[in-house]
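Reader: I am new to this structure and would be grateful for a close look at a single part of it. Please begin with one strand and then work outwards to its surroundings.

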Protein chains: 2
Amino acid sequence: MRLFDKVAIVGTGLIGGSLALDIKKKGLAREIFGVSRHKNTLLLAKKSGAIDKGSQHLSIIQDADLVVLATPVNTILNLADIISKFISQECIVTDVGSTKQEIVSQLSKIFPNYVGSHPLAGSEKRGIKNAYPGMFEDSLCILTPTRNTNPKALRKIKILWNQLGAKVINLEPDTHDRILSFVSHLPHALAFSLIDIIPSRYLKFGANSLKDITRISVSDSQLWADIFLSNPKNIVRAIELFQKNLSRIKSAINKKNKKILVKILEDAKSKREILG
Amino acid sequence: MRLFDKVAIVGTGLIGGSLALDIKKKGLAREIFGVSRHKNTLLLAKKSGAIDKGSQHLSIIQDADLVVLATPVNTILNLADIISKFISQECIVTDVGSTKQEIVSQLSKIFPNYVGSHPLAGSEKRGIKNAYPGMFEDSLCILTPTRNTNPKALRKIKILWNQLGAKVINLEPDTHDRILSFVSHLPHALAFSLIDIIPSRYLKFGANSLKDITRISVSDSQLWADIFLSNPKNIVRAIELFQKNLSRIKSAINKKNKKILVKILEDAKSKREILG
């Protein structure tokens with residue numbers, strides 16, 4: 001099912017590369033072009049069959065009818081103006097950024113056919129070498145249309161994600177950022193903070209529980225610093241709520257109050273079981 | 001290689017059951033007896049071949065030359081006196097409790113041949129139904145001898161864990177509890193606290209990162225309340241250190257200081273990479 005003629009992926013890393021592999025595999029576009037700062041990334045993307053042609057220069061995106069911005073949040077914001085000079089007014093533009101308020105607010109002004117996307121997929125790994133087809137199968141993709149979003153563009157972007165196997169949910173950009181601060185940004189902040197305070201000489205005593213809880217702390221530092229700085233209010237509020245809640249456990253331990261401790265732990269357990 | 005004649009496992013759950021399966025499989029004892037409060041656990045333990053005979057009454061442990069206490073921390077402390085009435089002075093006693101100061105201090109007074117063990121194995125699952133042979137293969141087991149520990153008993157317990165595939169390290173009980181408060185107890189407190197503050201309606205947006213970081217929050221509540229209450233000072237100090245460190249991220253976000261954020265995240269990443 002061909003949805004687009006020429007798709008340009010700006011940032012052919014883990015997400016952009018996996019997206020390209022799937023668009024290619026499912027025949028959703030006639031051709032796919034990739035843009036990356038790194039020549040080697042483009043070579044790998046081409047070799048893996050993700051893209052038909054790659055370039056380090058944005059001029060390659062002209063004539064595209066879909067541009068996907070799959071770079072870190074900050075780069076999305078920095079590139080938007082330049083990108084707008086290369087594409088037509090009709091070109092649909094989406095991004096896969098992990099925060100949405102700032103991006104949607106700015107990109108909506110620049111691109112007439114912009115739709116914000118956030119596929120809840122990927123991992124702590126990065127780069128085209130870790131990209132794989134099927135990444136979005138059975139995942140959730142959040143779209144963040146506003147009242148000014150072109151309904152036709154929204155519909156096409158929804159079909160795109162559905163074709164890639166994702167269930168699509170629409171959220172207001174600010175609702176998206178509030179939810180993600182709890183289910184993704186705060187957990188990352190905790191993982192970074194936890195591994196940071198463990199004395200190095202204790203690490204050899206870390207079993208699977210420590211490995212699991214800190215796995216995401218190897219996520220890309222630049223990318224995550226950008227995410228934190230593009231959703232500051234929500235993340236700071238989530239951190240403060242968390243600190244207060246952690247103090248409840250601390251206080252119950254200090255007071256040797258087993259009843260309250262068991263209650264807190266039971267509640268946590270029941271809620272975690274919903275996650276599956 | 002027969003190390004013991006009659007081994008009694010008090011608490012044939014995840015750890016006790018797996019231990020029994022391995023002792024049986026490797027022929028380290030002539031016979032293995034199991035004690036549990038639950039009849040069904042004993043039936044399952046017998047059926048799986050972990051134990052030769054099971055009972056809900058402690059009297060079954062008499063004549064054992066090794067008793068392994070594999071119940072939650074609090075139960076270990078509560079049962080010690082009664083157990084001492086059933087066994088000989090020569091019987092070696094060990095436990096698999098997750099905290100050691102309190103247990104070692106009390107059990108050393110009660111049993112002449114006591115050696116504290118803490119195998120760093122297992123998972124958030126529990127019960128004999130999740131027990132499996134090979135659990136301790138390539139794991140680490142901490143022994144916590146004191147200057148009063150009988151060297152012969154220590155040697156036999158070390159051989160036992162080695163035979164089960166574990167690497168053995170000796171630590172002072174207080175060193176053990178300090179290290180474990182960082183690499184295990186604090187991570188559990190964080191997982192419980194995190195899942196607790198996430199509004200239930202947000203959970204469907206939780207991806208793999210949230211699942212991994214909160215996986216251990218389904219751990220048994222009674223067991224973990226006991227662990228927290230038997231290592232209070234170390235855990236409270238670890239929580240406080242963590243809260244301060246998390247505030248560094250909060251402060252860097254508030255100050256929009258990307259340089260410091262990236263530094264914190266880079267440090268975390270480098271340290272996590274040591275864990276493998």
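Author: The account below starts from one strand of chain B and then turns to its surroundings and to other parts of the two chains. The model is predicted.

The strand chosen is strand 6 of chain B, residues 114-120. Seven of its seven residues are buried, so strand 6 of chain B is largely enclosed by the rest of the structure. Both of its faces are covered. On one side stand B:Tyr114, B:Gly116, B:His118 and B:Leu120, and on the other B:Val115, B:Ser117 and B:Pro119, all of them buried.

Strand 6 of chain B has pairings with two strands that may be taken in turn. With strand 5 of chain B, residues 92-95, the pairing is parallel and runs over three bridges. Within this pair, B:Thr94 has B:Val115 of strand 6 as its bridge partner. The connection between these two strands involves a helix: strand 5, helix 4 (residues 101-110) and strand 6 of chain B form a β-α-β unit that is right-handed. With strand 7 of chain B, residues 140-143, the sense is antiparallel, and four bridges join the two strands. Here B:Pro119 is placed opposite B:Cys141 of strand 7. B:Val115 thus belongs to the parallel pairing, and B:Pro119 to the antiparallel one.

A related arrangement may be viewed in chain A. Strand 7 of chain A (residues 140-143) and strand 8 of chain A (residues 167-170) are paired in the parallel sense through four bridges. A:Cys141 has A:Val168 in strand 8 as its bridge partner. Together with helix 5 of chain A, residues 151-163, these two strands make up a right-handed β-α-β unit.

The nonpolar interior comes next. In soluble globular proteins, nonpolar side chains tend to be buried together. The largest nonpolar core of this model has 177 residues, and among these A:Val67 and B:Val67 touch the most other members. Setting aside residues up to four places away in sequence, B:Val67 touches B:Ala8, B:Val10, B:Ile61, B:Ile83, B:Ile87, B:Cys91 and B:Val93.

A loop of chain B offers a contrast. B:Asp63 lies between strand 3 (53-55) and strand 4 (66-69) of chain B. Its phi is near 75°, which is positive although the residue is not a glycine. B:Asp63 counts as partly exposed because it has 14 C-beta neighbours inside 10 Å. In chain A, A:Lys256 also has a positive phi, of about 50°, and is not a glycine. A:Lys256 sits in the loop between helix 9 (232-254) and helix 10 (258-275) of chain A. It has 10 C-beta neighbours inside 10 Å and therefore counts as exposed.

Another loop residue is B:Asn231, located between helix 8 and helix 9 of chain B. Because B:Asn231 has 26 C-beta neighbours inside 10 Å, it counts as buried. Apart from neighbours within four places in sequence, its contacts are B:Thr99, B:Asp177, B:Ser181 and B:His185. B:Ile92, which is 139 residues from B:Asn231 in sequence, lies 25 Å from it, C-alpha to C-alpha.

The two chains meet through 72 residues of chain B and 72 residues of chain A. On the side of chain B that touches chain A, helix 6 (173-197), helix 7 (208-214), helix 8 (221-230), helix 9 (232-254) and helix 10 (258-275) of chain B each give two or more residues. Helix 6 of chain B gives the most, with 15 residues. By class, this side of chain B has 44 nonpolar, 15 polar and 13 charged residues.

Chain A is assigned domain 1 (4-171) and domain 2 (175-275). Their C-alpha centres lie 30 Å apart. The contact between them takes 14 residues from domain 1 and 16 residues from domain 2 of chain A. Helix 3 (73-86) and helix 4 (101-110) of chain A each supply at least two residues on the domain 1 side. That side has four nonpolar, six polar and four charged residues.

Helix 8 of chain A, residues 221-230, closes the account. Seven of its 10 residues are buried, so helix 8 of chain A is largely enclosed by the rest of the structure. The buried ones are A:Ser221, A:Trp224, A:Ala225, A:Asp226, A:Ile227, A:Phe228 and A:Ser230. Their cover includes helix 3, helix 4, helix 6 and helix 9 of chain A, together with helix 9 and helix 10 of chain B.

Methods
Residues numbered from 1 in each chain as written. Chains lettered and ligands numbered in written order. Predicted model: local features only at pLDDT ≥ 70, side-chain atom pairs only at ≥ 80, totals over all residues. Buried ≥ 20, exposed ≤ 12 C-beta atoms within 10 Å, placed from the backbone. Pairing = 2+ DSSP bridges. Right-handed = clockwise from strand over helix to strand, strands pointing away. Core = buried A, V, L, I, M, F, W, Y, C linked by C-beta atoms within 7 Å. Contact = placed C-beta atoms within 7 Å. Nonpolar A, V, L, I, M, F, W, Y, C, P; charged D, E, K, R; others polar. Domains from an automatic or database assignment.
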